[in-house]
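I opened the model to look up its empty spaces, one helix and a few odd residues. My entries follow in the order I made them.

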Amino acid sequence: MKERTRRTDAYTNRKSDDVVVPEKLPNGEATASEEAGEGRTLTKRNTHKKAAHRTQNRARASFGLEGVRIRAKKDRGFRFTALLHHITPDLLRKSFFELKKKAAPGIDGVTWWDYKETLEERLPKLHEEIQKGSYRARPVLRTYIQKEDGSKRPLGVTTVEDKLVQQAVCTVFQQIYDIDFLGFSYGFRKDHSQHHALDALAAAITTRKIGWVLDADLKSFFDTIPHEELLRLIELRVADKRILRLIRKWLKTGYSEDGILHRQTIGVQQGSSISPLLANIYLHYVLDQWVEYERKANQYGDIIIVRYADDFVLGFQRKGEAEHFFRKLRERVSAFGLTMHPEKTRLIEFGRFAATNRKRRGQGKPEKFKFLGFTHICSVSTKGRFWIKRVTIPQRLRNKIREIKQELRKRISRPIHETGIWLRQVVTGYGNYHGVPGNSKTLKRIRNLCVRLWLKTLRRRSQKGRKLTWERFGPIADKYIPPLRICHPYPEVRFANTRGRSRMR
């Protein structure tokens, strides 16, 4: 007689004769684990998933970028000595797809689409080069863009590979500096857009005792940042020498102009992925922390500040305090290699009581100031309350119309449907940014000007045949270019909903 076998059921710890029990898989596993085969008690957690080690107080520690963020928030003075291991192939791949696909190619002539074809083959080698320290940054391609005042601004076009590595480093740095940056810093940060900065400025001037505004501008800010001072400030938080070596490479790589390579000992290249973050870090220590300390340590009245990149606006309660603060501000930025722009920096009387005070002294209306594409004007609502009217800067409107006119000439032979779709995107995008309360006249004007330019371009397509009349063209224009409307709420309302009154300072 065949000997009967006895087995132990790993799940019930009971013995049974010749009973075949279907094998049950542990939590989330595709195959049976060793515990099930050996009759041991099963693991409670999912064994196929990686878990962080327990700390001495038995609390499970976080790992990855989230752990960096938690540590940065827990200890504001902690210096991170090991960050490069967070630059993984997965992070590099994610950073690549975060880049702009239509960006101009760098000095190597490789576009985003060209690099995508060999991305999976290149990523392991690139990751190895970064970890070993053999990664080499390429010089940027120098080009220029026209500014509103007629001057030209230098712009550096970085290679795709350098951009994706910079983007990966930015992702790691953001876990630290998003915690450190103060609430009034709005430049190039997640959930801190230009309109958030505009809302904060309007809400602060409207609700606080602000009578004087310092419209400040740093002269050639990106081109005058000292490299060694910048690295010294970064080391206050980041002590990983390999990460610092990467940043030093990007700062010292230089630029190519007209085929000639120029070395750079000062300044940060505009156009790279990491330059906005480096600029924010520099101004965080040079400006933001200093302003926060000054207005708390000294017996000033109400002082507000809103900064977007290198453009910032300060508000003061009294003129004497504003002048005193301005003198100290110039000394402060000068000590760090920066200069206040003598023509673009102005102290003006502006606020709820500016019009009344100037009228009592026999002076004219309060002066205006420009910030983030809008001219800010002291005005009164239909209910007689003070409010800040914001209209598009006229020079920016003229520049936009000039760009659209030049592009329409290039598209003179294109089909009407194709040009109409492009023009709708341009006009709608312009309206989405400039559609603030009080700016409806500008929205109507740009829409009408674009329609007239399009009609004028179509009439030039041929000198023969029937002339295109407004009766024929009107329905076409209405089909592709809808009327622009105010799409943004009043700044005080949105600011209270998104930031809260406690973030107004």
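I began with the lining of the second largest pocket, which by class has 14 nonpolar, 10 polar and 10 charged residues. The classes are fixed: Ala, Val, Leu, Ile, Met, Phe, Trp, Tyr, Cys and Pro are nonpolar, Asp, Glu, Lys and Arg are charged, and the others, Gly among them, are polar. This pocket holds about 1200 Å³ of space. Of its 34 lining residues, K100, F188, S272, S273 and P276 are the closest to its centre. Two or more lining residues come from each of β4 (152-157), α6 and α10 (275-297). The largest share, nine residues, is from α6.

My terms for space: on a 1 Å grid over the protein atoms alone, a cavity is a set of points where a 1.4 Å probe fits but cannot get out; a pocket is an open set with protein on both sides within 12 Å along at least five of seven lines; lining residues have an atom within 4 Å of a point. Points are joined across faces, edges and corners, and a volume is the space filled by probe spheres set on them. Helices (H or I, at least four residues) and strands (E, at least two) are DSSP runs numbered from the N terminus.

The model is predicted: local features need pLDDT of at least 70 and side-chain atom pairs pLDDT 80 or more, while totals for chains, interfaces and linings use all residues. Residues are numbered from 1 along each chain as its sequence is written, and side-chain values use heavy atoms, without hydrogens and water.

Next, cavities. How many reach 30 Å³ or more? I found two. The largest has about 120 Å³ of space. It is lined by 16 residues, and Q166, W250, L251, Q269 and S272 lie nearest its centre. Helices α6 (160-180) and α9 (241-252) each supply at least two of the lining residues. By class I noted seven nonpolar, seven polar and two charged.

The second largest cavity has a volume of about 40 Å³. Its lining is R411, I412, R414, T419, W454, T457, L458 and R461. Helix α15 (residues 440-459) gives the largest share, three residues. Three of the lining residues are nonpolar, two polar and three charged.

Then I went back to α6. Its 21 residues should span 30 Å (1.5 Å times one less than the number of residues). The end C-alpha atoms are 29 Å apart, which agrees. Even so, I logged a kink of about 45 degrees centred on Q174; the bend is the angle between axes fitted to the seven residues ending there and the seven starting there. Is the helix enclosed or open? It is largely enclosed by the rest of the structure, because 19 of its 21 residues are buried. Buried means under 20% relative accessible area, exposed over 50%, partly exposed in between (1.4 Å probe, protein chains only).

Y177 sits in α6 and is buried at 0% relative accessible area. Y177 and H284 are 107 residues apart in sequence, yet 9.5 Å apart C-alpha to C-alpha.

I also checked backbone angles. Most residues other than glycine have a negative phi. A309, in the loop between β8 (303-308) and β9 (311-316), has a positive phi near 60 degrees. A309 is buried at 11%. L372, in the loop between β11 (369-371) and β12 (374-380), has a positive phi near 55 degrees. L372 counts as buried at 9%.

Last, disulfides (cysteine sulfur atoms within 2.5 Å). The whole structure has zero.
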